[in-house]
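The following exercises are to be worked with the sequence and the coordinates at hand. Each task is followed by a stepwise solution.

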Amino acid sequence: MSLFGLADILLRPRTSTGHDPAHTALVLGERKVSYAELTDRVLRLATGLHDRGFRRGDVVALYLKNRAEYLELVFAVAHLGGVLAPLNYLLRPAEVAHIVADSEARWLVTEPSLREGVSTSSGPEFLVLTDADPDAVVDGAATLAYDDLISGAAAPPHAHVQSEDRTLLQYTSGTTGFPKGAVHTHGTVLFNALAQVVDFGITRDDVHVVVPSLSWAAGLHCLTLSTLWRGGTVVLKETGGFDAGDLAGLVERHGVTTGMFAPSVIRMLLDSGAPATRDLSSLRLVLSGGEPVPAAEIGEFQRLVPGLDLHQGYGVSEFPTTMLHLAAADVVGHGGAAGLSSVIANVRILGEDHRDVGPGEHGEIVVRSPATSVAYHQRDGEPTTAVVDGWLHTGDRGFIDDGGFVHVAGRSKEMIVSGGLNVYPAEVERVLAARPGVVEVAVIGVPDRKYGEVGHAFVVVEEGAAVDQEDLVGFARRELAGFKVPRLWTIRTEALPRTVTGKLRRFELG
């Protein structure tokens, strides 16, 4: 069926509720962009891309830090019927190359500070650079300046997208050790954003600060799109070098009302003393996720910022928003819970027999929603899916308490959440196992106050091999983003503990 698409969040007629072209849409540093200016730039960018050969269905890889151009590209590509493949700006060249190739991206957009992480020799047809006057050709790709793409008049064609058309590949790793793209359509992304308007009461008066990278699900999907849909203001925090005082300054200066703060960000804010010295009274709602926030920290934050409601959320890349959320008022009675389901999600806990378990019994968390991804992108072959009979199987284990609140009890995928970022042991193990002299590797997560969890690598090396921790850390940093590199190491010649069938007994390494 035909449905106005993702771009129509922004490209709205004068008859729309709250329509105000003069209202500030984006803030980055000292720059403020009105809705009229943002709309004009999006349409001119769409025209520039179309005039240079952009085709409906083209995949555009975005390898950028937080900046206004990121959101311009989100809406311009969606308006043309294209597909976005966000790339974490922390990824190393090999990781970038894999996703660009796997997504079959025809276009890659990056910036000078990240240029060294890009190789186009066997990748996209077009490389778009911001903030630069590029050479005509770089590594075989036609290189375009972003300013040139956006310099003309606004006359893009309308793509007439369908609700089931692809618009986003949200890459996530898993048990295979290689990232895979969760396919989202215009419909699934719009349902995500609309649910947040309902669940969290987003209005035109809201000012949302984006702390995570827009390339992460928490950056783009957690309140950012819903705030723009309602005509509110989005404040983009510059990427890198987190400073609690700087974040508090943004909240105070712009009257920020909502934010997505990872548990590590909340801890750093509290440790800095900023909530006691800066005026954060405009904050009404903070979302957090990735791990439970201790009740004492929630209580302290809310004491320092009266009127604040700190919600904890749970989601996965296949459902990139708050599938479950827990209000601060429910922490005391349901401590450690992930919460109750979103208005557009039905959540169940299934046992081994695929039947619902009773209160307190453990099973797999599954969800049915119009916001879940429809498949995993497959470069070679038919797309696969984690949806069975309409229910997305998250791979996470949990249970339901007597009040109906869902608790996450463990991860079937053995994922580590470090500083709000997902780290998959299988990916780290695959990289380290390729180092000469390494026999086998296991990576587990261990508790850490600052980051929640950090990786601990157990590396079995050949007898007499010249392999030490410094060597392994250096090898890992060349191949993996820094947040994936284990912080703790155990190097041994003794084999890792396994069952009689050869399955690794990770619990014996903790």
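**Exercise 1.** In this predicted model, determine which residues form one aromatic cluster with Trp107, and characterise the pair of Trp107 and Phe126.

*Solution.*
1. The cluster consists of Phe54, Trp107 and Phe126.
2. Rings whose planes are under 30 degrees apart count as stacked. Trp107 and Phe126 are stacked, with 4.2 Å centre to centre and 20° between the planes.
3. Trp107 belongs to strand S5 and Phe126 to strand S6, so the pair ties together parts that are 19 residues apart in sequence.
4. Both Trp107 and Phe126 are buried.

**Exercise 2.** Establish how the side chains of strand S11 (residues 207-210) are directed and which strands are joined to S11.

*Solution.*
1. In a regular strand, side chains alternate between the two faces of the sheet.
2. In S11, Val207 and Val209 point one way, His208 and Val210 the other way, and all are buried.
3. Strand S12 (residues 233-236) runs parallel to S11 and is joined to it by 4 bridges; Val207 stands opposite Thr233.
4. Strand S13 (residues 258-260) is also parallel to S11, with 2 bridges; there, Gly259 is the bridge partner of Val209.

**Exercise 3.** Explain why helix H9 (residues 263-272) is described as largely enclosed by the rest of the structure.

*Solution.*
1. Buried means under 20% relative accessible area.
2. Of the 10 residues of H9, 7 are buried, so the helix is largely enclosed. Among them are Val265, Ile266 and Arg267.
3. The buried residues of H9 pack against elements including helix H8, helix H11 and strand S15.
4. Just after H9, Gly273 takes a positive phi of about 80°.

Conventions
Residues numbered from 1 in each chain as written. Predicted model: local features only at pLDDT ≥ 70, side-chain atom pairs only at ≥ 80, totals over all residues. Heavy atoms only, no water. Buried < 20%, exposed > 50% of the residue type's maximum accessible area, 1.4 Å probe, protein only. Contact = heavy atoms within 4.5 Å. Pairing = 2+ DSSP bridges. Phe/Tyr/Trp six-rings, centres within 6.5 Å; stacked < 30°, edge-to-face > 60°.
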